[in-house]
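These are my notes from a first look through a structure that was new to me. I went element by element and wrote down what I looked up.

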Amino acid sequence: MALVSLPRAPLWLQRLSRRLCARLQACTGTMVRPRRFAVEMPDCSLTHFVLGDKAGHPDPRLAALLGPPGRSYALCVSLAPGKGCGPRVQAARMHQRLLLQLRRGPLQRCQLSKLLGYGPGDQDGEAQHGFLLRDPCDHPDTRNTLLKLLGSCQEAAHPQLAEFQVDSQGLLWQRLWELQGDRQVQVDCACVLPALEPQLHPLLPDLLNSAVFQDRDAARAVLEECTSFIPEARAVLDLVDQCPREIQKGKFQVIAIEGLDATGKSTVTQSVSQSLNAVLLQSPPPCIGRWRKIFDEEPTIIRRAFYSLGNYLVASEIAKESAMSPVIVDRYWHSTATYAIATEVSGGLQYLPPAHHPVYQWPGDLLKPDLVLLLTVNPEERVRRLQGRGLEKTKEEAELEANNVFRQKVEMTYQRMENPSCHLVDASPSRETVLQKVLQLIQSTGH
């Protein structure tokens, strides 16, 4: 068959086409319509807005947050094209790098808030994490500094910068900017309009298998994406791959003990294991515990994949040890899922997934304990115990101590866990009293 060569388009038309394609690509970035956005307000409530072509007055709270005095900017990290968890891992790492850079240098003058972009369909994979920055002094260099920061991103799907302005009629507009050489170019403009609050938090469709992993393979796939930049990820995967997938609990009881900081969890687990002549295990297990600090510095999706796989390593040990003696587990899957949910779901208690949501269900391929105990203490006792502890804390433990709303979200999430649920134990009294309560509960539940 003969090939027919078509005549080339004129040079001016080729240049125009390239410019139009570039403009289209610029306008299909992070902040493009008809995406919706949720901003976490200072009172831990969420305000939602959408970008539209028609003018309209925004929510007064949003106008107060985004309008003068000062100037507000926004950026979201979009997902690169591709299947699997690779794009999510890349986006999470970019988000974390931006966060670290926004907290350094001249941008420290800006006030940071959480911003979430999501699609109108609330479908899996649509959520985009970002930042709302408010420069109270409206410094003339802020926009250029932000544009240079975003321009330094090497990823294909790098964020674009949105700037909010109020016109003479009191309407709120979002202008999308990008850096073209040394020039700041506006590539889009839209009116900021109020949006109805969705029935559930817009992040929930993405929560499963991006922060809470429902099976071993989902968590494993995330660490597989990390082997090129986290050498320890390969070592974790090698250990996990040595664990059989089909395991069964032995004839002896398995009891998981959970608890926030300063609840005496370590003391209780040791005392109970001694009283029952049981084997004491912990998650993550020592074989990967030495890499905990490395993964604690990574974004949620990577950090939670590490802890999730740690649970499967512990499960393999539980299967072996429970054939010979009782087993006490210091933290297990409930802890991994609880901190992921409380960290990722922005806003206050009212935005947590409702009771009986699938995110609270135990993974089908993970060995279950016979009983899960959740140690709690009253606020006054907790403060007393925290004083002078001098122990090294993870980021989440430090936030528990400083952020009362986060602590409440962790406690509520623990209590919504199901299949198995958590049995609450007041750990405020003396160690001997708490030990007797725990042993009585174990006996009364038939274990």
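Before anything else I needed the rule for pairing: two strands pair if DSSP finds at least two bridges between them. Helices (H or I, at least four residues) and strands (E, at least two) are DSSP runs, numbered from the N terminus.

**Ground rules.** I am looking at a predicted model, where local features need pLDDT of at least 70, side-chain atom pairs count only at pLDDT 80 or more, and totals for chains, interfaces and linings use all residues. Residues are numbered from 1 along each chain as its sequence is written, and side-chain values use heavy atoms, with hydrogens and water left out.

**Overview.** I looked up the element count and got 16 helices and 13 strands in the chain. For confidence I checked pLDDT, the predictor's confidence in each residue, from 0 to 100. The chain average is 85, and 87% of the residues score at least 70. Where does pLDDT stay under 50? That happens over residues 1-34, for which the model has 35 contacts beyond four places in sequence. Contact here means heavy atoms within 4.5 Å. Of the contacts in the chain with a separation of 6 or more, 74% are between residues 24 or more positions apart. I also looked at burial, where buried means under 20% relative accessible area, exposed over 50%, and partly exposed in between (1.4 Å probe, protein chains only). Of the 447 residues, 51% count as buried.

**The barrel.** I followed 8 strands that close into a barrel, in the order 1-2-8-7-6-3-5-4, with antiparallel pairing. On average, neighbouring strands of this sheet are turned by 35° against each other, direction ignored. For angles, axes are lines fitted to C-alpha atoms, for helices over the stretch in contact, and values run from 0 to 180 degrees between N-to-C directions.

I started at strand 1 (residues 36-40), where 4 of the 5 residues are buried. Strand 1 runs antiparallel to strand 2 (residues 46-52), with 5 bridges between them, and Phe37 stands opposite Phe49. The two strands form a hairpin with 5 residues between them, and Cys44 in the turn has a positive phi of about 70°. Strand 1 also pairs with strand 4 in the antiparallel sense, over 4 bridges; there I found Ala38 opposite Leu116.

Next I checked strand 3 (residues 71-76), which pairs antiparallel with strand 6 (residues 161-166) over 3 bridges. Ser72 faces Phe164 in that pair. Helix 4 (residues 142-151) packs on this sheet and touches strands 3, 5, 6, 7 and 8, its direction making about 55° with that of strand 7. Helix 3 (residues 86-102) lies across strands 3, 4 and 5, and runs at about 15° to strand 5.

**The open sheet.** Further along I found an open sheet of 5 strands in the order 10-11-9-12-13, with parallel pairing. Strand 10 (279-282) and strand 13 (423-426) stand at the edges with a single partner strand each, so one side of each has no neighbour in the sheet. The twist averages 25° from one strand to the next. Strand 9 (residues 254-259) and strand 12 (residues 371-376) are parallel and share 5 bridges, with Val372 as the bridge partner of Ala256. Helix 16 (residues 431-444) lies across strands 9, 12 and 13, at about 155° to strand 13.

**Helix 15.** Which residues are buried in helix 15? I listed Phe406, Arg407, Lys409, Val410, Thr413 and Tyr414. Seen down the axis, the buried residues fall within an arc of 160°, so they line one face of the helix. That arc is taken over the directions from the helix axis to the C-beta atoms.

**Backbone oddities.** Most residues other than glycine have a negative phi, and most peptide bonds are trans. I noted the exceptions below.

- A cis peptide bond joins Pro68 and Pro69, and Pro69 lies in the loop between helix 2 and strand 3.
- Ser283 to Pro284 is cis too, with omega near 0°; Pro284 sits in the loop between strand 10 and helix 9.
- His356 has a positive phi of about 75° and counts as exposed, at 59% relative accessibility.
- Asn419, in the loop between helix 15 and strand 13, has a positive phi of about 55° and is partly exposed at 42%.
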